[in-house]
Amino acid sequence: MPLLLSTGWMLGSGVLVWWVLMPAWSPRRRRSRLRDLLLEAGLPHVGPGRVIALSGAVGGTACLAMTAVSASLVLGITCGLIASGLPLAWIRHLKRHRQEELREVWPDAIEHLASGIRAGLSLPEALAQLGEGGPEQLRPAFAMFAADYRASGRFAECLDGLKDVLADPVGDRVVETLRLAREVGGSDLGRLLRTLARFLRDDSRVRGELESRQSWTVNAARLAVAAPWVLLVLLGTRPAAVAAYNTAAGVVVLAAGAGVSLIAYRLMMRIGRLPVETRVLR
């Protein structure tokens, strides 16, 4: 009975932690944090429900596999809770990778746009041209903008659609700059775009240098957190270790270790992280 109660307490604590850490996906909200994360990761066709289902499937599979190998439900639940966070971690990795790629190509896209405007193209035509001759990573978004503009002719609404497709902080700034230039007018748009491209290129170079120096801190934090749990999986094949973790004290040790690992990892990442640009112009 104490073991059953301890296991239930551990499972309930893990579910509570998962509920707190996972982004909210309330159907009443127009845009949930998880949905925004999927858009920023370049997965617009994947819904939050699929991510939740995948997390449950991965966690359940890991739980069953570890339980079968170690004959310990406690170790199985522990591995299942850890594995259930892997899909979300992978999506966040895709988001960071996509933002890095877009950060590299935006200066070229803006200079291409400025060249089109200097050549006499209208602003919608210059934007549509990026769907054919712009950077490869941005072509689908601007091709969609061109199709929407040909169908409706409503520039402001097409810009809103472009922002939703790009789902990128730099893209938000560029779109709002173009919207302001369209509404206010003026002849300095080309110079403004070239200045913005130069600023973004300098910012990308400085951030790349900082990230390369920061990478060893991030990797060390991940290794420090992952090493004890890899060791736990290996110990799960030894009957003596399994018997120790099947006790109430063993459950408390696992729960405390999970809490300490989570707090330490988030603390290390918060101390060593670089400022992240958020989408404030959505």
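**Figure 1. Helix 5, end to end.** At 1.5 Å a residue, the 33 residues of helix 5 (residues 86–118) should span 48 Å, and the end C-alpha atoms are indeed 48 Å apart, so the two values agree. Keep in mind that this is a predicted model. Where does helix 5 kink? Look at Val105, shortly before the proline Pro107, where the kink comes to about 35°. Past the helix sits Gly120, and its phi is positive, near 105°.

**Figure 2. The whole chain, for orientation.** Twelve helices and zero strands make up the secondary structure here, so reading from the N terminus on is just α after α. The chain has 282 residues, and 35% of them are buried. Take the contacts between residues at least 6 apart in sequence: 66% of them join residues at least 24 apart. As for the outside, the accessible surface is about 16,300 Å², with 64% of that belonging to carbon and sulfur atoms.

**Figure 3. The largest nonpolar core.** This core holds 29 residues, and the ones touching the most other members are Trp106, Ile110, Leu127, Leu138, Leu162 and Leu178. Two or more residues come from each of helix 5, helix 6 (123–133), helix 7 (139–152), helix 8 (155–166), helix 9 (169–184) and helix 10 (189–235). Which helix gives the most to this core? That's helix 5, with seven residues. As general background, nonpolar side chains tend to be buried together in soluble globular proteins.

**Figure 4. Close-up on Leu138.** What does Leu138 touch, if you skip residues up to four places away in sequence? The list is Leu102, Val105, Trp106, Ala109 and Leu166. Val105 is a familiar name, being where helix 5 has its kink. Trp106 turns up again too, as does Leu138, since both are among the residues touching the most other members of the largest core.

**Figure 5. A second core.** A separate core of ten residues is shown here, and its members include Met66, Cys79, Leu232 and Val242.

**Figure 6. The cysteines.** How many disulfides are there? The count is zero. Cys63 makes the point nicely: the nearest cysteine sulfur, that of Cys79, is 8.4 Å away, whereas a disulfide needs the two sulfur atoms within 2.5 Å. Is Cys63 buried or exposed? Its relative accessibility is 17%, so Cys63 counts as buried, the cut-off being under 20%. Cys158 counts as buried too, because its relative accessibility is 3%.

Conventions:
Residues are numbered from 1 along each chain as its sequence is written. This is a predicted model: local features need pLDDT of at least 70, side-chain atom pairs count only at pLDDT 80 or more; totals for chains, interfaces and linings use all residues. Side-chain values use heavy atoms; hydrogens and water are left out. Helices (H or I, at least four residues) and strands (E, at least two) are DSSP runs, numbered from the N terminus. Buried means under 20% relative accessible area, exposed over 50%, partly exposed in between (1.4 Å probe, protein chains only). Contact means heavy atoms within 4.5 Å. Accessible areas come from the Shrake-Rupley method with a 1.4 Å probe; for residues, only the protein chains shown count as cover. The expected span of a helix is 1.5 Å times one less than its number of residues. The bend at a residue is the angle between axes fitted to the seven residues ending there and the seven starting there. A nonpolar core is a set of buried Ala, Val, Leu, Ile, Met, Phe, Trp, Tyr and Cys residues joined through side-chain atoms within 4.5 Å.
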